[in-house]
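Biologist: Could you pick one part of this protein and take me through it closely? I'd also like to hear how that part sits within the whole model.

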Amino acid sequence: MRKIKILFIGICLLPFAAHAQRVINLYPGDIPNSKKTALKDIPENVSAGLMRRVITPTLQIYLPEKDKATDAAIVICPGGGYSVIVYDGEGTLTAKELVKKGIAAFVLRYRLPNDSFQVNKTIAPLQDAQQAIKMVRDSAVAWGINSNKIGIMGFSAGGHVASTEATHFNKALIENKSNKSLRPDFQILVYPVISMQDSLAHQGSRTQLLGDNPSKETIDLYSNELQADKNAPPAFITVAADDKVVDVDNSIVYFEKLRHNKVPVEMHIYQKGDHGFVFRHPGWMEPLFEWMQNNSWINK
């Protein structure tokens, strides 16, 4: 219990368990798109590793041992319907598995959309994803990372964060005076929310991010199957066919859009597993590691 409490209270440069190096503030100065507030970051359930309110976004850094390091890195965006963040179950546990394979991992505690302390709640998660990619790229040498092997990974609504970053990287929503590339080199999407269209959207995620009555322009902008083009990063997608929370067609239409744009993409569909199948399929990452090897993101 004590270790989890440290995660929420201690923001900067605190030691963690095996492989976790520290937690750092995502922004070195003022947080963009923020209103002044007396509210604090709060967990919904400390013992379950869930977070409901994020005022100060952070990165938790996991670096592999030098003799295992592959020079690849992944920013992880846990899910939670844009209402909570499943920080431990989809974030830290995934990071620990990645680091075993020599992959540097960065768990992103992104801002959940909230009008009370964000000027424009719709762009807040994307800003944090852009800043995370920029921060990892800026510090690549110091962290032993190849700046051309930085991917982004997202689960459920975190998959929407990741796929939005993978399709909206050309327009910087953060300070980027150095004009650093905000494009992830690859994307990994796990039972992701992709679309905001009426026929496909996970309604809870759409309402949390876009509000009750978004315009068609806004719905289209954040329907990432409509935004993907030939410049989108290579993708690995994994879902369960019987997902009753997020329609698997989210992933299928995104796969098709990438394929037709000749973007390298691989998709694995489990017959059963429903939403959150990573908690029931302990070997789900093996095809991912094989894909990373086959595409030279990590060594065979």
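Modeller: Happy to! A word on surface first: the accessible areas come from the Shrake-Rupley method with a 1.4 Å probe, and for residues only the protein chains shown count as cover. Computed in this way, the accessible surface of the protein comes to about 13000 Å², and carbon and sulfur atoms hold 50% of that surface. Please keep in mind that this is a predicted model.

Let me set the scene before zooming in. The protein is built with nine helices and 11 strands. Its radius of gyration is 18 Å, close to the 19 Å that the globule rule gives for 300 residues, so the protein is as compact as a globular protein of that length. Along the principal axes, the C-alpha trace spans about 50 × 45 × 40 Å. Of the 300 residues, 56% count as buried. If you take the contacts between residues at least 6 apart in sequence, 78% of them join residues at least 24 apart. As for charge, there are 34 positive and 30 negative side chains, and the centres of these two sets lie 6 Å apart.

The part I would choose is helix α4, residues 157-167. This helix is mostly covered, with 11 of its 11 residues buried. Its buried residues include Gly158 and Gly159, the polar His160, Ser163 and Thr164, and also Glu165. Ala157, Val161, Ala162 and Ala166 are buried as well.

What does α4 touch? One neighbour comes from another helix: alanine 129 lies in α3, residues 124-138. Alanine 129 touches Val161 and Glu165, and its other contacts beyond four places in sequence are Leu108 and Ile152. Val161 and Glu165 are both among the buried residues of α4. There is a neat reason to look at such a pair: an α-helix has 3.6 residues a turn, so residues three or four places apart point the same way. Alanine 129 itself has a relative accessible area of 0%, so it counts as buried, the cut-off being under 20%. To place it further, its C-alpha atom is separated by 16 Å from that of valine 23, although the two are 106 residues apart along the chain.

Now to threonine 167, which also belongs to helix α4. At 13% relative accessibility, threonine 167 counts as buried. Its side chain makes two polar contacts that are worth opening in your viewer. One, at 2.9 Å, goes to the side chain of histidine 168. Another, at 3.4 Å, goes to the side chain of asparagine 224. Leaving aside residues up to four places away in sequence, threonine 167 touches Asn224, Gln227, Ala228 and Tyr254.

From there it is natural to look at serine 195, whose contacts include Ser223 and Glu225. Serine 195 sits in the loop between β9 (186-190) and α5 (203-210). Its relative accessible area is 0%, so this loop residue is buried. A polar atom of its side chain lies 3.1 Å from the backbone nitrogen of glutamine 197. Serine 195 also touches Leu200, Ala201 and Asn250.

For comparison, here are some loop residues elsewhere in the model. Glycine 49 is in the loop between β2 and β3 (50-53), and it is buried with a relative accessible area of 0%. Glycine 49 touches Ile85, Val86, Tyr87 and Asp88, again not counting residues up to four places away. Its C-alpha atom is separated by 25 Å from that of methionine 135, 86 residues away along the chain.

You may also want to check two backbone angles. Most residues other than glycine have a negative phi. Asparagine 33, however, has a positive phi near 65°, and lysine 262 has a positive phi near 60°. Asparagine 33 lies in the loop between β1 (20-25) and β2 (42-45), while lysine 262 is in the loop between α8 (249-260) and β11 (265-270). Asparagine 33 counts as buried at 15% relative accessibility, whereas lysine 262 is exposed at 75%.

Back at helix α4, then, the picture is of a helix with 11 of its 11 residues buried, touched at Val161 and Glu165 by alanine 129, and joined at threonine 167 by a polar contact to asparagine 224.

Notes
Residues are numbered from 1 along each chain as its sequence is written. This is a predicted model: local features need pLDDT of at least 70, side-chain atom pairs count only at pLDDT 80 or more; totals for chains, interfaces and linings use all residues. Side-chain values use heavy atoms; hydrogens and water are left out. Helices (H or I, at least four residues) and strands (E, at least two) are DSSP runs, numbered from the N terminus. The radius of gyration is taken over C-alpha atoms; the globule rule is 2.2 Å times the number of residues to the power 0.38. Buried means under 20% relative accessible area, exposed over 50%, partly exposed in between (1.4 Å probe, protein chains only). Contact means heavy atoms within 4.5 Å. Lys and Arg count as positive and Asp and Glu as negative; His and the chain ends are not counted. The place of a charge is taken as NZ of Lys, CZ of Arg, CG of Asp or CD of Glu. A polar contact is a pair of N or O atoms within 3.5 Å; within protein, one must be able to donate a hydrogen and the other to accept it, and residues adjacent in sequence count only if both atoms are side-chain atoms.
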